[in-house]
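Grab a coffee and work through these exercises with the structure open beside you. Try each task before reading its solution.

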Amino acid sequence: MLKAGIRGEQSVEVVYENTATAVGSGVLKVFATPCMLALMEKTACDSVIPYLDEGNGTVGTQVDIRHLAATPIGMTVRCESELLEVDGRRLVFDVKAYDDAGLIGEGTHERFIVNNEKFQSKADAKLHVTP
């Protein structure tokens, strides 16, 4: 059953490919903010998959995060998520990211439960819209 308190955790090693230099979000070889955000979204998303009806998934709709500290290549970033609120199809998560030195990012993330096939069909229909 989907309810507040569900937790998730994932880790990623900082390598050149997920640095600000590589993804174009800066010029330094440190863990990129967009990569931290992606890790936070993935952690939250994956944490609730076992609780969803078959054929359903979630999509991210809102993020409010702060990137607090830089993490160099060679360190591991660990993300934790906690489902704070379930309001119909709307899910709100607390997300935090850490490296070996401590907290590097935190915030909230909102996702909505969708029927995967219906959502994809609606998105794909945009390919046939003429301006």
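**Exercise 1. Find out why C45 has no disulfide partner, then do the same for C35.**

Start with C45: its sulfur is 12 Å from the closest cysteine sulfur, which belongs to C79, and that is too far for a bond. Keep in mind that this is a predicted model.

Next, take C35. The closest cysteine sulfur is again in C79, this time 13 Å away, so a bond is ruled out here too. For a disulfide, the two sulfur atoms would have to be within 2.5 Å.

Now tally up: the count of disulfides comes to zero.

Last step, check the surroundings. C45 has a relative accessible area of 18%, so it falls under the 20% limit and counts as buried. C35 is buried as well, at 18% relative accessibility.

**Exercise 2. Lay out the chain from end to end.**

Count the elements to begin with: there are three helices and five strands. Then read them off from the N terminus, and you get β-α-α-β-β-β-β-α.

For the overall dimensions, the C-alpha trace spans about 40 × 40 × 20 Å along its principal axes. Of the 131 residues in the chain, 33% are buried.

Finally, ask how far contacts reach along the sequence. Take the contacts with a separation of 6 or more: 65% of them are between residues 24 or more positions apart.

**Exercise 3. Work out which strands pair with strand 5.**

Begin with strand 2 (residues 56–67). It runs antiparallel to strand 5 (residues 102–115), and 11 bridges join the two. For a landmark on screen, look for N56, which stands opposite N115 in strand 5.

Move on to strand 4 (residues 90–99). This strand is also antiparallel to strand 5, with 10 bridges between them. Here the landmark is V92, opposite E110 in strand 5.

One more detail: strands 4 and 5 make a hairpin, with two residues between them.

**Exercise 4. Trace three salt bridges and say what each one connects.**

The idea behind the search is simple: side chains of opposite charge can pair when their charged atoms come close. Across the whole structure, the search turns up nine salt bridges. Let's take three of them.

1. R7 pairs with E82, and their closest N and O atoms are 3.4 Å apart. R7 sits in strand 1 (residues 7–13) and E82 in strand 3 (residues 76–87), so this bridge ties together parts that are 75 residues apart in sequence. R7 is exposed, at 60% relative accessibility, whereas E82 is partly exposed, at 22%.
2. R66 pairs with E106, with 2.4 Å between the closest N and O atoms. Since R66 is in strand 2 and E106 in strand 5, the pair joins parts 40 residues apart in sequence. R66 is partly exposed, with 48% relative accessibility.
3. R90 and E110 meet through their side chains at 2.8 Å, N to O. R90 is in strand 4 and E110 in strand 5, 20 residues apart. R90 is partly exposed, with a relative accessible area of 22%, but E110 is buried, at 13%.

Don't stop at the third pair, though. R90 and E110 also belong to a salt-bridge network that includes E85 and D87.

**Exercise 5. Map the largest nonpolar core and follow L83 outwards.**

First, pick out the best-connected members. The core has 22 residues, and those touching the most other members are L2, F31, V48, V77, L83, L91 and F93.

Second, see where the core comes from. Helix 2 (33–48), strand 3, strand 4 and strand 5 each give two or more residues. Helix 2 makes the largest contribution, with six residues.

Third, zoom in on L83. Skipping neighbours within four places in sequence, the contacts of L83 include L2, I6, V48, L91 and F93.

**Exercise 6. Describe the setting of Q10.**

Locate Q10 in strand 1. With a relative accessible area of 19%, Q10 is buried.

Now look for a polar partner: the side chain of Q10 makes a polar contact with that of D46, at 2.7 Å. To finish, list the contacts of Q10 beyond four places in sequence; among them are L39, K42, T43, V77 and C79.

Conventions. Residues numbered from 1 in each chain as written. Predicted model: local features only at pLDDT ≥ 70, side-chain atom pairs only at ≥ 80, totals over all residues. Heavy atoms only, no water. Pairing = 2+ DSSP bridges. Helix = DSSP H or I, 4+ residues; strand = E, 2+ residues; numbered from the N terminus. Salt bridge = Lys/Arg side-chain N within 4 Å of Asp/Glu carboxyl O. Buried < 20%, exposed > 50% of the residue type's maximum accessible area, 1.4 Å probe, protein only. Core = buried A, V, L, I, M, F, W, Y, C linked by side-chain atoms within 4.5 Å. Contact = heavy atoms within 4.5 Å. Polar contact = N/O pair within 3.5 Å; in protein donor to acceptor, adjacent residues only side chain to side chain.
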